[in-house]
Amino acid sequence: TDVLIFGETGTGKELVAEAIHNAGPRAGGPFVSINCGALDENLLMDSLFGHVKGAFTEAKADRKGAFLAADRGTLLLDEIANASLKVQQTLLRALAVRRIRPLGTDREIPFSTRVVAATNVDLRDCVKEGTFREDLFYRLAIITIETPPLRDRREDLPELAAYCLHEAAQSMNRPEMRLSRGALELMAAHDWPGNVREFKNCLTRA
């Protein structure tokens with residue numbers, strides 16, 4: 001089943017996607033991540049669906065694309081809201097028929113890939129604004145998981161701090177460290193707009 005993960009930046013959406021992959025029957029297959037916001041439309045289409053040799057001037061060899069590279073595994077489509085409407089239309093068809101058509105060929109290739117999409121914006125608002133296809137939203141949102149912001153789970157801060165400090169001590173070859181009660185109280189009073197990523201960076205700097 002395809003999954004949609006939504007939550008603010010820094011709340012661990014990719015970690016959730018990896019956990020879904022590792023806990024399921026596809027754990028032995030590849031985990032491939034594509035950031036839809038980091039590539040322009042043509043590069044994203046090529047990265048997802050691939051091409052055959054000679055499809056365009058620079059196409060010196062076949063390229064599988066992420067859907068086939070993640071076959072029997074999981075494909076994470078990060079920042080899915082940034083995909084153009086053309087990419088969304090092609091994604092919708094691929095997910096509906098579970099086949100892709102690489103650029104430069106009429107041959108359709110079946111794939112067996114779990115798709116996990118992640119976004120830090122509410123796709124329902126994007127649908128209302130006309131920037132995201134409603135049919136693709138419902139195709140992706142079979143199961144939805146929200147990663148809550150850190151300010152809504154302050155009770156996790158002591159355990160999270162202990163984990164981050166242990167990780168930092170190991171990577172820097174330093175003795176184990178702990179936070180004072182005063183430091184924890186200060187951290188609990190902060191809203192952490194950057195969420196776990198900001199929290200971890202703060203501890204690393206300290």
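Biologist: Let's begin with W192: is W192 buried or exposed?

Modeller: Happy to start there, and please keep in mind that this is a predicted model. A residue counts as buried when its relative accessible area is under 20%. W192 has a relative accessible area of 5%, so W192 is buried.

Biologist: Which kind of aromatic pair do W192 and F199 form?

Modeller: The two ring centres of W192 and F199 lie 5.2 Å apart, with 80° between the planes. Planes over 60 degrees apart count as edge-to-face. F199 is buried too, with a relative accessible area of 0%. The pair of W192 and F199 is therefore edge-to-face.

Biologist: How many aromatic pairs are there in the whole structure?

Modeller: Some of the rings are joined in a group, since ring pairs link F49, F67 and F111 into a cluster. W192 and F199 form a pair as well. A search of the whole structure gives a total of four.

Biologist: Why is the pair of F137 and Y138 edge-to-face?

Modeller: The ring centres of F137 and Y138 are 5.1 Å apart. What decides the class is the angle, because planes over 60 degrees apart count as edge-to-face. For F137 and Y138 the planes stand at 65°.

Biologist: And is Y138 buried or exposed?

Modeller: Its partner F137 has 11% relative accessibility and counts as buried. For Y138 the relative accessible area is 54%, and the cut-off for exposed is over 50%. Y138 is therefore exposed.

Biologist: Could we step back to the whole protein: how many helices and strands does the secondary structure come to?

Modeller: Of course! The protein has 206 residues, and 38% of them count as buried. Its C-alpha atoms fill a box of roughly 65 × 40 × 35 Å along the principal axes. The secondary structure comes to nine helices and seven strands.

Biologist: Among contacts between residues at least 6 apart in sequence, what share joins residues at least 24 apart?

Modeller: L75 gives a nice example of contacts beyond its sequence neighbours: leaving aside residues within four places, L75 is in contact with V32, I34, V115 and V116, among others. For the protein, the share of such contacts that join residues at least 24 apart is 71%.

Biologist: Which element gives the most residues to the largest nonpolar core?

Modeller: This core holds 32 residues, and L48, F67, L75, I80 and L91 touch the most other members. Elements that give two or more residues include β2 (31–35), β3 (74–78) and α6 (134–140). With five residues, the top contributor is α4.

Biologist: How many residues are in the second, separate core?

Modeller: L150, L157, L160 and M187 are included in this other core. The second core has ten residues.

Biologist: Now for the pockets: what is the volume of the largest pocket?

Modeller: The largest pocket is lined by 22 residues, with G10, T11, G12, K13 and L15 the closest to its centre. The elements giving two or more residues to this lining are α1 (13–23), β6 (114–119), α7 (157–172) and α9 (195–205). By class, the lining divides into seven nonpolar, seven polar and eight charged residues. The volume of the largest pocket is about 630 Å³.

Biologist: Which helix supplies the largest share of the lining of the second largest pocket?

Modeller: The second largest pocket contains about 370 Å³ of space, and M45, F49, T90, R101 and L103 are the closest to its centre among its 17 lining residues. Its lining has eight nonpolar, three polar and six charged residues. The largest share, five residues, comes from α2.

Biologist: S47 is found in helix α2, so is S47 buried or exposed?

Modeller: Not counting residues up to four places away in sequence, S47 touches I34, L39, R63, G65 and A66. The relative accessible area of S47 is 10%, and under 20% counts as buried. S47 is therefore buried.

Biologist: Last one: what is the phi of N195, which is not a glycine?

Modeller: N195 lies in helix α9 and counts as buried at 0% relative accessibility. R98, in the loop between α4 and β4, also has a positive phi, of about 55°, although R98 is not a glycine. R98 counts as partly exposed at 27% relative accessibility. For N195 the phi is positive, at about 60°.

Conventions
Residues are numbered from 1 along each chain as its sequence is written. This is a predicted model: local features need pLDDT of at least 70, side-chain atom pairs count only at pLDDT 80 or more; totals for chains, interfaces and linings use all residues. Side-chain values use heavy atoms; hydrogens and water are left out. On a 1 Å grid over the protein atoms alone, a cavity is a set of points where a 1.4 Å probe fits but cannot get out, and a pocket is an open set with protein on both sides within 12 Å along at least five of seven lines; lining residues have an atom within 4 Å of a point. Grid points are joined across faces, edges and corners, and a volume is the space filled by probe spheres set on the points. Helices (H or I, at least four residues) and strands (E, at least two) are DSSP runs, numbered from the N terminus. Ala, Val, Leu, Ile, Met, Phe, Trp, Tyr, Cys and Pro count as nonpolar, Asp, Glu, Lys and Arg as charged, and the others, Gly among them, as polar. Buried means under 20% relative accessible area, exposed over 50%, partly exposed in between (1.4 Å probe, protein chains only). Contact means heavy atoms within 4.5 Å. A nonpolar core is a set of buried Ala, Val, Leu, Ile, Met, Phe, Trp, Tyr and Cys residues joined through side-chain atoms within 4.5 Å. Rings of Phe, Tyr and Trp (its six-membered ring) pair if their centres lie within 6.5 Å; planes under 30 degrees apart count as stacked, over 60 as edge-to-face and the rest as tilted.
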